Amino acid sequence: NLMTITPQFNVPGTRTFNITVTDPAGTNATATFTINMLTVDDLPFFTQTIPNITTLEEQNNSLDLTPYEGDPENGPVANNNLLTWKFQLANISNTTAPVNFLSTPLFNATLTSATDFLLFTPIANATGSMNLTLFLFDSTGKNVSQNITFNITNVNDAPAFVNFTNQ
């Protein structure tokens, strides 16, 4: 006969089992054995898909990334855990390390790891979209990433006179 033991996901520790076997004549024997399940350093993970961000030109926008982070070894979904966020422009060479501040022709972006807040500040009168890759790192440097799109939509500004002189 075969016995299979499937431990709970991400629950390390020692488990002790008592096994009793009985033969057809009714004679039985009992044995005790212990299994020690070791911790494995898992990758951090996203608890849900991070949404794209759309904002009007010249309107700041922020996103709290805390609800999107998870990692069995580095604490629950909470600020000031051992997880850190970074980002970079999407689809660029891996030679550029992810950062906490980014300046582009469309916006400036700041990522504060202590609060897990991503703040976008659009450049005046700039519109368009740009893709970013967000990275979630654990304390050992393992990471996962997801691309998001930041969209800045045009606002119909009121007309203004420029260099108007009396003639």
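**Exercise 1. Determine which residues I50 touches, and place I50 in the nonpolar core.**

Step 1. Leaving aside residues up to four places away in sequence, I50 touches L63, L65, Y68, W85, L134, Q146 and I148; contact means heavy atoms within 4.5 Å.

Step 2. The model is predicted: local features need pLDDT of at least 70, side-chain atom pairs count only at pLDDT 80 or more, and totals for chains, interfaces and linings use all residues. Residues are numbered from 1 along each chain as its sequence is written, and side-chain values use heavy atoms, with hydrogens and water left out.

Step 3. The largest nonpolar core has 23 residues, and I50, L65, W85, F107, F120 and L134 are those with the most contacts inside it. Such a core is a set of buried Ala, Val, Leu, Ile, Met, Phe, Trp, Tyr and Cys residues joined through side-chain atoms within 4.5 Å. Buried means under 20% relative accessible area, exposed over 50%, and partly exposed in between (1.4 Å probe, protein chains only).

Step 4. At least two residues of this core come from each of strand 7 (84-89), strand 9, strand 10, strand 11 (128-137) and strand 12 (143-153). Strand 12 gives the most, with four residues. Strands (E, at least two residues) are DSSP runs, numbered from the N terminus.

**Exercise 2. State the confidence of the prediction for the chain and its elements.**

Step 1. The protein chain has a mean pLDDT of 86, and 92% of its residues reach 70 or more; pLDDT is the predictor's confidence in each residue, from 0 to 100.

Step 2. Among the elements of the chain, the lowest mean pLDDT (88) belongs to strand 6 (residues 69-70) and the highest (94) to strand 12.

**Exercise 3. Describe the surroundings of L102 and S103 in strand 8.**

Step 1. L102 lies in strand 8 and counts as buried because its relative accessibility is 13%.

Step 2. Not counting residues up to four places away in sequence, the residues touched by L102 are F87, Q88, L89, F107, N108, A109 and L132. From L102 to Q88, 14 residues apart in sequence, the C-alpha to C-alpha distance is 7.4 Å.

Step 3. S103 is also found in strand 8 (residues 101-103), but S103 is exposed, with a relative accessible area of 52%. S103 and P122 are separated by 19 residues in sequence and by 9.9 Å between C-alpha atoms.

**Exercise 4. Examine the loop residues E58, D116 and G141.**

Step 1. Most residues other than glycine have a negative phi. E58, however, has a positive phi near 65°, and D116 has a positive phi of about 60°.

Step 2. E58 sits in the loop between strand 4 (53-56) and strand 5 (61-64). D116 sits in the loop between strand 9 (107-112) and strand 10 (117-122).

Step 3. E58 is partly exposed at 43% relative accessibility, whereas D116 is buried at 0%. The C-alpha atoms of D116 and N163 are 46 Å apart, with their positions 47 residues apart along the chain.

Step 4. G141 is in the loop between strand 11 and strand 12 and is partly exposed, at 41% relative accessible area. G141 and L43 lie 98 residues apart in sequence and 9.2 Å apart from C-alpha to C-alpha.

**Exercise 5. Characterise the lining of the largest pocket.**

Step 1. The lining consists of P7, Q8, F9, N10, V11, P12, M37, L38, T39, V40, P72 and E73. On a 1 Å grid over the protein atoms alone, a pocket is an open set of points where a 1.4 Å probe fits, with protein on both sides within 12 Å along at least five of seven lines; lining residues have an atom within 4 Å of a point.

Step 2. Eight lining residues are nonpolar, three are polar and one is charged. Here Ala, Val, Leu, Ile, Met, Phe, Trp, Tyr, Cys and Pro count as nonpolar, Asp, Glu, Lys and Arg as charged, and the others, Gly among them, as polar.
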